[in-house]
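Trainee: Could we go through the labels used for this structure and set each one against its definition?
Mentor: Yes, with the structure in front of us.

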Amino acid sequence: MIQKYIFGSPFPTDAVTAQVPQVPGVPPYGTFSLSGGFRFTYTMGADDIVYGLGAANRGINKRGYRYVNSCTDDTMHSEAIQSMYAAHNFIIVSGRETFGLFFDYPSSITFDIGYTRMDTLTVFCPRCDLALYLVEGDSPYDIVRQFRRAIGRSYIPPKFAFGFGQSRWGYKTQAEFRTVVERYRALHIPLDMLYLDIDYMDHYKDFTVNPEEFPDFPGFVSDMADQGVHLVPIIDAGVKVEEGYDVYDEGVEKGYFCKRADGSEFLAAVWPGYTHFPDVLDPEARAWFGEKYRRLIDAGVDGFWNDMNEPSIFYTPEYAEQFRAKLEAALKTVPFNPNAVGAKPKPEARGEYELFYHHVDGRQVRHDLVHNLYGYNMTRAAGEALERIAPDKRMLLFSRSSYIGMHRYGGIWTGDNRSWWSHILLNLKMMASLNMCGFLYAGADLGGFGDNTTRDLLLRWLALGVFTPLMRDHTALGTREQECYQFEDPEDFRHVIGVRYRLVPYLYSEYMKAALNDDMYFKPLAFVYPEDPMAPQVEDQLMLGDQCMIAPVYVQNARGRYVYLPEEMLFVKFLADGTLSQEVLAPGHHYVEVALNEVPLFIRRGRCIPLAEAAETVAALDTAHLTLLGWDGASYELYEDDGVSRSYDDPANYRTLTK
Ligand code: GLC
């Protein structure tokens, strides 16, 4: 059962699509205070678990830390950070009492989950204008299912998006892009997508391509398509300020950019230098910005990633002025105290989100009051436009920043992680929480974005990425080269990525079933084994679909790992020589050995999964000849469609296979 409580006058976010009955008063859990801001306080039982928060830091059980949901471009994903790129304000308390709460509040909101006091959950925000949704059900899983129905069907990508993609910030020339594809193809390492980072553009101008490098861009796109590769360009939130650049000229002329209080266009320096932000909260400006994607679609492009849409601001003239004034004052005192200058690294701390406005329903709304909706609406602009432009063709689309509601328009990647072993685990933990909030198409930069990767780190990370819907190797400018062919024995990479392709019929089926039924693709163990007291303790394994459990190795130099089995399972290893090892393991704890070039998978008792032969692209997979892996006598419901059109609900898409 879902009910809605309204406090003050909430900003309409369109996060929830279902008609939810509104009830007076406050939910019958914890206490509420509305003086000096909104505050919900709940005393947690010693064993209560708190799930949710989507793309937030730390564990699957969120207890023991404070999370400030305010979309932030922070590339240092240490354990200390409280704000990441997204704001997914949905939590589930599971224990003495079990209930879910969605705080539909579009600005900074804090979840103190046992940080100030270990037994106290407090959620607070400065203004008392929000819609609060209470979800009651039999279990956390049931609550997730109900919540997911209320927020609408998750985004469904084309099937090729289940292939492997290579990316790097720094590829510039057409020759560089071609080399990546040539080298993957020469080594027969599967590849479906090649990502174009900012340098493909003409001076970092959205919806342009560098004319010198790409004199015939449609020709390049089609050449790549002939080799089975989809090009996926990046689109940044900021539109470069440059007279004569039509997107800029039009946006200014029509008043589609965010404005300062005095009505002038707000200036923010991002990669292109000075930019303006399209006012994607205004439906008219949103439709206008979305329509620009058509240019690249007309050139043959069928996928995009939206970036810098927190929005990230490196610098504004207003802050520079403040900073200069403070610096000058500080320089008058010796010894010079650098702290007195107080240069703040983040736009929210610098007050820059208070400097510009959105035009919504005839009102001017200051950005900081709706900050968490920007990335969501940028991606909504694209998603709505793609549906208009190509009504019966799915496009790949994912974003860095998001809010619940955006899950209907695109997926996400988890932003600028690092080549750290701990980030393999962070990647795994986020996946289940993201599914609770509707984000099914998700993945991290495999191998790590910042810092230098190593061969073993990349292989281990790929062995997790085999299972995440988005499987992309991406790294930052200036880091060590990270394509699979840069390392010795590339056949190990061919094998690990090949396992992904062997599993695509399974992963795609489970994804589609999850999306079409508002279900989860990844679940915490406790959602599947609610009676097992050990299951909630497991933070480094996940259930995948209805058949499998994954337990990747994420420790440097480890030859294997401990794994917990809540029931009897078939332990499968995809061995480097292309064969499989299979062993039935009893419930309980085990140490399993997994070599660097192997992929481990656990199949639940009585289940089986389909397996294809590996291929170099998703399109080349032979799904007419699948084998079944798992327990004899088991059957599997395969979902298969053309992977492109939007006719998902056809019963002919399902077929039952029996082992
Ligand atoms: C941001 C993105 C990253 C991208 C870079 C350059 O840091 O998160 O993925 O490579 O910008 O566009």
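Mentor: What follows takes up aromatic pairs, charges over rings, burial, backbone angles and the contact between domains.

Mentor: This is a predicted model, in which local features need pLDDT of at least 70 and side-chain atom pairs count only at pLDDT 80 or more, while totals for chains, interfaces and linings use all residues. Residues are numbered from 1 along each chain as its sequence is written, and side-chain values use heavy atoms, with hydrogens and water left out.

Trainee: Why is the contact of Phe-38 and Phe-103 called an edge-to-face aromatic pair?
Mentor: Rings of Phe, Tyr and Trp (its six-membered ring) pair if their centres lie within 6.5 Å, and planes under 30 degrees apart count as stacked, over 60 as edge-to-face and the rest as tilted. By this rule the count comes to 61 aromatic pairs. For Phe-38 and Phe-103 the centres are 6.2 Å apart and the planes 70 degrees apart, so the pair is edge-to-face.

Trainee: What makes this pair a link between distant parts of the chain?
Mentor: Phe-38 lies in strand S3 (residues 38-43) and Phe-103 in strand S8 (residues 99-104), 65 residues apart; strands (E, at least two residues) and helices (H or I, at least four) are DSSP runs, numbered from the N terminus. Both Phe-38 and Phe-103 are buried, where buried means under 20% relative accessible area, exposed over 50% and partly exposed in between (1.4 Å probe, protein chains only).

Trainee: Which kind of aromatic pair do Tyr-65 and Tyr-115 form?
Mentor: With 5.9 Å centre to centre and 85 degrees between the planes, Tyr-65 and Tyr-115 are edge-to-face. Tyr-65 is in strand S5 (residues 65-69), whereas Tyr-115 is in the loop between strand S9 (109-113) and strand S10 (120-125), 50 residues apart.

Trainee: Why do the two tyrosines, Tyr-65 and Tyr-115, carry the burial labels they do?
Mentor: Tyr-65 has a relative accessible area of 8% and is therefore buried, while Tyr-115, at 40%, counts as partly exposed.

Trainee: How do you know that the charged end of Arg-39 sits over the ring of Phe-124?
Mentor: The rule asks for NZ of Lys or CZ of Arg within 6 Å of the ring centre and within 35 degrees of the ring normal. The charged end of Arg-39 is 4.5 Å from the centre of the Phe-124 ring, and Lys-205 lies over the face of Tyr-245 at 5.5 Å from the ring centre.

Trainee: What is noted about phi of Arg-58 and of Asp-518?
Mentor: Phi of Arg-58 is near 70 degrees and that of Asp-518 near 50 degrees, each a positive value in a residue other than glycine. Arg-58, in the loop between strand S4 (49-52) and S5, is partly exposed because its relative accessible area is 26%; Asp-518, in the loop between helix H12 (491-516) and strand S27 (522-523), has 13% and so is buried.

Trainee: What makes Arg-400 and Asp-73 a salt bridge?
Mentor: A salt bridge is a side-chain nitrogen of Lys or Arg within 4 Å of a carboxyl oxygen of Asp or Glu, and the closest N and O atoms of Arg-400 and Asp-73 are 3.3 Å apart, so the pair qualifies. The domain assignment gives domain 1 (2-151) and domain 2 (159-413), with bounds from an automatic or database assignment, and the count between domain 1 and domain 2 is two salt bridges.
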